Amino acid sequence: MHTPKTPLKLKKERRLLTVGWREWLSLPELGITRIKAKVDSGARTSALHAFEIKPFKLHEKHYIRFKIHPLQRSKEDIVECIAEVQDIRWITDSGGHRERRYVIKTLLKLGEAYWPIELTLTNRDTMSFRMLLGRTAMKKRLVVNPGASFLLR
């Protein structure tokens, strides 16, 4: 019988949050207290609905000012946001269309958990969800139950 000379080291396992395929979350640094997001493990990058996107420079740093309708099918509620630009990337959407998007970093609150994520800004008016939570933001934190919705409040 073969026995290893050094004991096998087990990784400390972080407890993953179980989420449904859609969840209510918030982006407190942007002033968005409640937004419904599609949890999409097929999308690498998270995306946030934005319009009137206007870049500007302040103290040699690049920022972006944009507006969002946080509630689906409602153009009444408008939140104006400002964030530092982290990057500008070419993103290919699920239909194969390429688009240059601003990338920001902000805090995500899901249930009682908080962590920073990257978001690309794009107009999602024609989409069913104002936000898409991609797999990079979920990595080592979430597991998705595709048969459930709104597990965390």
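## Report on a predicted model

At 67% relative accessibility, E60 counts as exposed, because the cut-off for that class is over 50%. The model described here is a predicted one. E60 lies in the loop that runs between β5 (51–58) and β6 (61–68). Its backbone deserves a look, since E60 has a positive phi of about 65° although it is not a glycine. Most residues other than glycine have a negative phi.

K140 also has a positive phi, about 65°, and it is not a glycine either. This residue is placed in the loop between α1 and β11. With a relative accessible area of 62%, K140 is exposed.

**Overall fold**

The protein chain has 153 residues, of which 38% count as buried. Its secondary structure amounts to one helix and 11 strands. Read from the N terminus, the order of elements is β-β-β-β-β-β-β-β-β-β-α-β. Taken along the principal axes, the C-alpha atoms fill a box of roughly 70 × 40 × 35 Å. Among contacts between residues at least 6 apart in sequence, 54% join residues at least 24 apart.

**Strand β6 and its surroundings**

Y63 lies in strand β6. Leaving out residues up to four places away in sequence, Y63 touches K54, P55, F56, L58, I82, A83, E84 and V85. With V85 the C-alpha to C-alpha distance is 5.1 Å, while the two residues are 22 apart in sequence. F56, one of the residues touched by Y63, also has a charge over its ring: the charged end of R65 sits 4.7 Å from the ring centre.

**Aromatic pairs and a charge over a ring**

How many aromatic pairs does the model contain? The count comes to three aromatic pairs. One of them is formed by W21 and F129, whose ring centres are 5.8 Å apart and whose planes meet at 80°, an edge-to-face arrangement. This pair links distant parts of the chain, 108 residues apart: W21 is in the loop between β1 (17–20) and β2 (22–27), and F129 is in the loop between β9 (113–122) and β10 (131–133). The two partners fall into separate accessibility classes. W21, at 30% relative accessibility, counts as partly exposed, whereas F129, at 9%, counts as buried.

W24 and F150 make another pair. Their ring centres lie 6.3 Å apart with the planes at 25°, so the pair is stacked, the cut-off being under 30 degrees. Here too the pair joins distant parts of the chain, with W24 in strand β2 and F150 in the segment after β11 (142–145), 126 residues apart. F150 has a relative accessibility of 18% and therefore counts as buried, that class being under 20%. W24 has a further neighbour: R34 lies over the face of its ring, at 3.9 Å from the ring centre.

**Pockets**

The two largest pockets are set side by side below.

| Pocket | Volume | Nonpolar lining residues | Polar lining residues | Charged lining residues |
|---|---|---|---|---|
| Largest pocket | about 640 Å³ | seven | 11 | 10 |
| Second largest pocket | about 170 Å³ | four | three | four |

The largest pocket is lined by 28 residues, and the closest to its centre are T92, D93, S94, R101 and L132. Which strands each supply at least two residues of this lining? They are β7 (79–92), β8 (98–110) and β9. β7 gives the largest share, four residues.

The second largest pocket is lined by R44, T45, S46, R89, W115, P116, I117, E118, T136, A137 and R141. Both β9 and α1 (135–138) supply at least two residues of this lining. The largest share, four residues, comes from β9. Strand β9 thus has a part in both linings: it supplies at least two residues to the largest pocket and four to the second largest.

Technical notes:
Residues numbered from 1 in each chain as written. Predicted model: local features only at pLDDT ≥ 70, side-chain atom pairs only at ≥ 80, totals over all residues. Heavy atoms only, no water. Phe/Tyr/Trp six-rings, centres within 6.5 Å; stacked < 30°, edge-to-face > 60°. Buried < 20%, exposed > 50% of the residue type's maximum accessible area, 1.4 Å probe, protein only. Lys NZ or Arg CZ within 6 Å of the ring centre and 35° of its normal. 1 Å grid on protein atoms, 1.4 Å probe; cavity = no way out; pocket = protein on both sides within 12 Å on 5 of 7 lines; lining within 4 Å. Points joined across faces, edges and corners; volume = space filled by probe spheres on them. Nonpolar A, V, L, I, M, F, W, Y, C, P; charged D, E, K, R; others polar. Contact = heavy atoms within 4.5 Å.
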